[in-house]
There are 2 protein chains.
Amino acid sequence: MILYTPAELSAFIDPLKHKGRTVGFVPTMGALHKGHITLAAQALHECSIVVISIFVNPTQFNKPEDLEHYPRTLQADAMLIAQLDPNIIIFAPTARDLYGDRVVAKSYDFGVIATAMEGQFRPGHFDGVGTVVNLLFRAVNPDKAYFGEKDYQQLKVVEKLVEIEALPVQIVPCAIARNPEGLALSSRNARLTASERAQATIIYRMLKEAQSRFASEDIPAIQALLQQTFAQEENMELEYFDIAPVDTLLPSIHKAKNIKYRAFIAVMISGIRLIDNMQLN
Amino acid sequence: MILYTPAELSAFIDPLKHKGRTVGFVPTMGALHKGHITLAAQALHECSIVVISIFVNPTQFNKPEDLEHYPRTLQADAMLIAQLDPNIIIFAPTARDLYGDRVVAKSYDFGVIATAMEGQFRPGHFDGVGTVVNLLFRAVNPDKAYFGEKDYQQLKVVEKLVEIEALPVQIVPCAIARNPEGLALSSRNARLTASERAQATIIYRMLKEAQSRFASEDIPAIQALLQQTFAQEENMELEYFDIAPVDTLLPSIHKAKNIKYRAFIAVMISGIRLIDNMQLN
C-alpha cells in the first residue's frame, strides 16, 4: 500500500490548504464500522479534503493482551472508505513513522476530566491518547477533527489537548452510532459472539433505564439498581457505572441544578471491555 | 467525491516529489478492466505514488455517438482501484477543469506515425489524445506514465508528444492484456453481448495466423487471407488490417530486412469498434 510518512502527509496537504481546501480528519484504530463511516461522512459534508488515519496506538493500551487482540482489518477498512469516497486519504503510519525511535507517551495534565472512569481504570490511557492525537494532528494539520461521543471522556481529553498544545483545529463531537438493538458500535464488538452481542444490549437498556429514572430518583438509587442488574448477568462484569456532570466528568452522588449530567458505563463481557454513555437530562 | 483540479493536484504532488517520491501515472477513460489494473500494478511496483486519471476526453472522439456511449462506471472503477491500493490517487477532472473554457484539441504534427490506420480512420483523434495527455501530464507531473500496447499507435504518438512538448516523463509501454480466449481487454468490450465477445476472438486468432505466416508469406497474401476471412463474418466489418514497421507505423507491402513489423487491425462488430495489434517477427 502507498504509505505516507507524517512529513510527507504535511507536505502534500499544506499546499491544498493554501489553495483554500478545508481538511477534515477522522483518527481511528481501524476495524472500521458504521460509526467511523458516519464520522467520515460528516467530515466529507463539511470539508473538501478528508483524511482517515488507521493506527493501532500502542501507548494507549494499558494491557498488552488488549493491544495484541485489537482487530486489524486494513484491506476491508480501505474498501469501506473507498465506497464512501475513493479519494479519502488513508494515513496508516508505522509506530516508528509517527513516534520516531521512542514509542512512549508524553505525560499530560488534563486536569479533573481525566481522573475518574477511564482515567482510573486504564492508567496511562489518556496520556497515550493525547500523545498520538497530538502527533496525528501535527501530521494532518486538519481544520476539523471528528470524534465519536462513544468515547466521551476521550473527546473531552482531546478538547483539552487542543488547548494545551494550542493546535488550530476544531473538534467536532459526533453522536454515538448504535446497532438496531441499541448496542453502541465499537471495533471490539467484532470479538463478541452473536449471543454475547445480544447480551451486551443490556448496557444500552440500562442506560435508558437510568435516563428515565434520573428526574425522579437520586443517583445512589440508580447506581444500586444498575449494580444489582449487572451482578445477575453471567460472564459480565460491571467495571463502573457513574453519573457525572458533562463539564467536569467527576462522578457525583448529588444532582445540582442547571447542570447537564451523563451516565458512563464500562463492562467486561467474556474478557472484552465495552464502554458506553448517555445524556441524562 | 473529493475531486482535485489540475492546479491542486500539482500543488500536492510536487512537494512529495521534492521529498523523493516517484510518481507513476496511469491515464484512463475509466470503465476499468484488468488491463488498466495491470498498468497500475506495474506503476505501484516501480513508483511510490500512483495517480490514475479517469476522464472521458471529448476531443479524441471523432463520432459524437461513440463519446455518448462510452461506458462510465466511476464507483466500480474506484472499488477496483481501492482493492489494488486504497491510496492510489484518483484524478477525475471535469472538462472545464482540464481545458478551461475552450474544450478543443491543439493541432499537433506527430509526423508519419500518426498518418495511417487510426490517424486515417479517426480524423482528429490523435490531436485530441495529444492535447489531453499534455494537459494531464502537466497536472500530474509524473516520473513515469504507463500506456498499454493495445493502443500501439497512440503509445507512439504519446512518445512523440513528450518529445514535442519536452515533458520530463518516461513512457512505459505495457503488454496487451487479453481474456483467456485472446480477446484484447477493452472498455468497449463491456458493450458486446456474450456471443459478440465470442465472435470477436477471431481478431486474436487471425493476428496469430498472420504472425505464423509472416516468415514464409508475403504481406499482400496475408492481407488477402484476412480480408476474405472477415468478409465471411456476419455483423463484423474489417476497417483495416495493416502490417507496418514498429518505428514508422507506415503500412508496408514489402518486408525489409532487420526491421520489426507489427500487424494492426480495426474491426466494427455490431457498431462497436475494436482494435488490436501483434508483433510479427
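**Two chains and how they meet**

Okay, let's start where the chains meet: 23 residues of chain B and 23 residues of chain A make up the contact. Keep in mind that this is a predicted model.

So who's doing the touching on the chain B side? Helix H1, residues 6–18, strand E2, helix H4, residues 74–84, and strand E3 each put in at least two residues. The biggest giver there is H1(B), with seven residues. And if you sort that side of chain B by class, you get 18 nonpolar residues, two polar ones and three charged ones.

Now, how do the two copies sit relative to each other? Turn chain B by 180°, with 0.0 Å of shift along the axis, and it superposes on chain A with an RMSD of 0.0 Å. The two copies are therefore related as by a two-fold rotation axis. If you want to find that axis in chain B, go to B:Phe12: its C-alpha is the nearest one, 2.1 Å away. Both copies use the same surface, too, as 100% of the contact residues of chain B recur in chain A.

Let's go inside chain B. There's an open sheet of five strands here, paired in parallel, and the order is E3-E2-E1-E4-E5. Which strands stand at the edges? Those are E3, residues 89–91, and E5, residues 170–174; each has a single partner strand, so one side of each has no neighbour in the sheet. On average, neighbouring strands in this sheet are turned by 25° against each other, ignoring direction.

Zoom in on one end of that order. Strand E4 of chain B, residues 144–148, runs parallel to E5(B), and five bridges join them. If you want a spot to look at, B:Tyr146 stands opposite B:Val172 in E5(B).

There's a helix to look at here as well. H7 of chain B, residues 125–140, lies across E1, E2, E3 and E4 of that chain, and runs at about 150° to E1(B).

Last stop, chain A and its domains. Domain 1 covers 6–174 and domain 2 covers 187–279. Their C-alpha centres are 26 Å apart. How many residues of each domain are in contact with the other? It's 14 from domain 1 and 15 from domain 2. On the domain 1 side, helix H8 of chain A, residues 152–164, gives the most, with three residues. By class, that side of domain 1 has nine nonpolar, three polar and two charged residues.

That's the tour, thanks!

Key:
Residues are numbered from 1 along each chain as its sequence is written. Chains are lettered from A and ligands numbered from 1 in the order in which they are written. This is a predicted model: local features need pLDDT of at least 70, side-chain atom pairs count only at pLDDT 80 or more; totals for chains, interfaces and linings use all residues. Two strands pair if DSSP finds at least two bridges between them. Helices (H or I, at least four residues) and strands (E, at least two) are DSSP runs, numbered from the N terminus. Axes are lines fitted to C-alpha atoms, for helices over the stretch in contact, and angles run from 0 to 180 degrees between N-to-C directions. Two residues are in contact if their C-beta atoms, placed from the backbone, lie within 7 Å. Ala, Val, Leu, Ile, Met, Phe, Trp, Tyr, Cys and Pro count as nonpolar, Asp, Glu, Lys and Arg as charged, and the others, Gly among them, as polar. Domain bounds come from an automatic or database domain assignment. Copies are superposed by least squares on the C-alpha atoms of residues with pLDDT of at least 70 in both.
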